[in-house]
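Hi,

Here is the structure I promised to pass on. Have a look at it first, and my notes follow underneath.

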Amino acid sequence: MTPRSLTRAAAAGLTAAALLATTACGSGFDDDSSDMAQSGGPANLQILIGSSGDAETKAVQDAAAKWASSSGNQATVTPAQDLTQQLGQALAGGTPPDVFYVDAARFADYASVGALEPYGDRISNPDDFYDSLRTTFTYDGKLYCAPKDFSTLALQINTDLWAKAGLTDADVPTTWEQLTATARKIKAKGQVPLALGDTRDRIGAFLVQNGGWLLSSDGKRPTADTPENEAALTYVKSLLTEGLARYPKQLDAGWSGEAFGKGKAVMTIEGNWIKGALQNDFPNVKYTVVELPAGPKGKGTLSFTQCWGIAAKSKYKDQAIKFVEAMTTGEQQMTFAKAFGVMPSRQSVRDQYTTAFPADKPFIAGAAYAQGPVNAPKMDSVVGDLDTGLQGLANGNPKTILGNFDKNAKAALGG
């Protein structure tokens with residue numbers, strides 16, 4: 001999961017629209033046609049992944065080759081140039097790969113048109129996946145696909161700049177009130193306290209910390225315009241207007257991790273992908289990671305995840321499920337974690353993971369109280385409009401921003 005993977009809403013929206021339109025015109029995925037007959041012999045699985053780089057591609061290809069050798073099947077892993085576009089076109093054209101990565105933000109679009117095989121209850125010990133991840137990939141009461149791995153948001157602190165501001169461990173914020181107090185101390189020393197991403201994918205954590213969110217748990221009803229959410233956005237607005245937080249563009253950065261890496265802010269809120277980004281681009285930055293400060297209603301963070309999707313039109317569903325089974329064992333997930341830095345989706349290897357990667361404990365702790373992304377179909381333009389509102393939050397009206405989301409979401413959901 002990379003920061004860049006969260007910035008493709010426009011292209012994703014076009015692809016999802018094409019997929020939905022194709023289905024509406026009579027090429028639905030529930031068609032009972034001969035090409036959907038299950039093949040009982042050896043499979044030649046086609047697997048499409050959205051790779052973060054060479055390390056991930058090699059790790060998945062090695063795991064697939066191992067499974068193929070032991071099972072007597074074939075498995076071809078292809079890293080997509082643009083997963084959303086290529087997968088959307090393949091699904092709409094009726095020629096999807098058998099197995100593929102499905103991003104949580106795209107999941108409901110695919111599930112709502114019957115593009116995915118709902119196989120989740122056929123995976124061994126599905127309750128071992130974190131609750132928040134199972135909820136993310138549940139649609140109409142069915143667990144559709146096995147969570148592959150996940151990321152959460154935490155608070156990063158530049159330890160050199162922290163010390164320069166005269167702060168100690170006692171100043172590490174664990175509540176909103178402490179975050180404000182610490183940020184004011186940093187500002188008084190002439191530094192920018194917090195670099196904060198300007199979309200729902202970062203600001204949304206504050207909603208969760210005050211007991212709110214954008215949609216009902218079943219994804220059927222908008223719930224943005226509430227006192228809890230309004231109070232959360234009002235708090236974020238206060239950070240912005242007081243100069244305690246700045247958006248990346250105000251710091252001449254493309255994302256918060258870049259601003260943090262350049263030393264333009266003492267703190268930032270990002271996911272565990274920031275580790276690799278800082279190693280690559282800013283290897284000399286010294287920092288520590290802690291859990292996000294709790295809000296009035298407790299701890300809250302956001303999770304970002306993908307699942308192993310299986311095409312409803314695959315001829316090799318049984319073999320595909322066995323492939324996913326092999327990819328989601330605790331042992332294999334730890335192999336992936338060591339190869340390219342992801343956090344396992346199975347709770348049973350949590351202690352093993354934190355022993356191997358002790359600095360990531362704050363990220364994995366967030367799994368217990370994380371909120372997944374907006375989980376409903378046809379929401380691209382709705383969340384895009386919300387992000388536009390959030391980008392103007394410093395001079396905007398929180399209640400108006402939230403009310404606009406509810407109005408737009410209700411229309412998109414057909415309510």
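**Strand β11 and its partners**

Pro147 stands opposite Cys307 in β11. That pair belongs to a longer match: strand β6 (residues 146-158) and β11 run antiparallel and are joined by six bridges. Before I go on, some housekeeping: this is a predicted model, in which local features need pLDDT of at least 70, side-chain atom pairs count only at pLDDT 80 or more, and totals for chains, interfaces and linings use all residues. Residues are numbered from 1 along each chain as its sequence is written, and side-chain values use heavy atoms, with hydrogens and water left out.

On terms, strands (E, at least two residues) and helices (H or I, at least four) are DSSP runs numbered from the N terminus, and two strands pair if DSSP finds at least two bridges between them.

β11 (residues 301-310) has other partners too. Strand β3 (residues 99-103) pairs with it in the antiparallel sense over five bridges, and there Phe100 has Gly309 as its bridge partner. With strand β13 (residues 370-371) the pairing is parallel, over two bridges; Thr301 is matched with Ala370.

How many of the residues of β11 are buried? Ten of ten, where buried means under 20% relative accessible area, exposed over 50% and partly exposed in between (1.4 Å probe, protein chains only). Thr301, Ser303, Thr305, Cys307 and Gly309 point one way, while Leu302, Phe304, Gln306, Trp308 and Ile310 point the other way.

**Cores**

A nonpolar core here is a set of buried Ala, Val, Leu, Ile, Met, Phe, Trp, Tyr and Cys residues joined through side-chain atoms within 4.5 Å. The largest one has 51 residues, and Phe206, Met267 and Phe405 have the most contacts inside it. Helix α9 (residues 227-241) supplies the largest share of this core, six residues. Apart from it lies another core of 50 residues, including Leu45, Leu83, Tyr119 and Ala146.

Leaving aside neighbours within four places in sequence, Phe206 is in contact (heavy atoms within 4.5 Å) with Trp176, Leu179, Leu196, Ala232, Tyr235, Val236 and Ile269.

**Cavities**

There are two cavities of 30 Å³ or more. A cavity is a set of points, on a 1 Å grid over the protein atoms alone, where a 1.4 Å probe fits but cannot get out, and lining residues have an atom within 4 Å of a point. Grid points are joined across faces, edges and corners, and a volume is the space filled by probe spheres set on the points.

- The largest holds about 70 Å³ of space. Arg200, Asp201, Trp213, Leu302, Ser303, Phe304, Gln371, Gly372, Pro373 and Val374 line it, and β11 gives the most, with three residues.
- The second largest holds about 50 Å³. Its lining is Arg200, Ile203, Gly204, Leu207, Leu214, Leu233, Leu386, Leu390 and Leu402, with the largest share, four residues, from α8.

**One more residue**

Ala409 lies in helix α17 (residues 398-412). Why does Ala409 count as buried? Because its relative accessibility is 0%. Beyond its neighbours within four places in sequence, Ala409 is in contact with Pro222, Met379 and Val382. Ala409 and Lys264 are 145 residues apart in sequence and 36 Å apart in space, C-alpha to C-alpha.

Cheers

Terms used: On a 1 Å grid over the protein atoms alone, a cavity is a set of points where a 1.4 Å probe fits but cannot get out, and a pocket is an open set with protein on both sides within 12 Å along at least five of seven lines; lining residues have an atom within 4 Å of a point.
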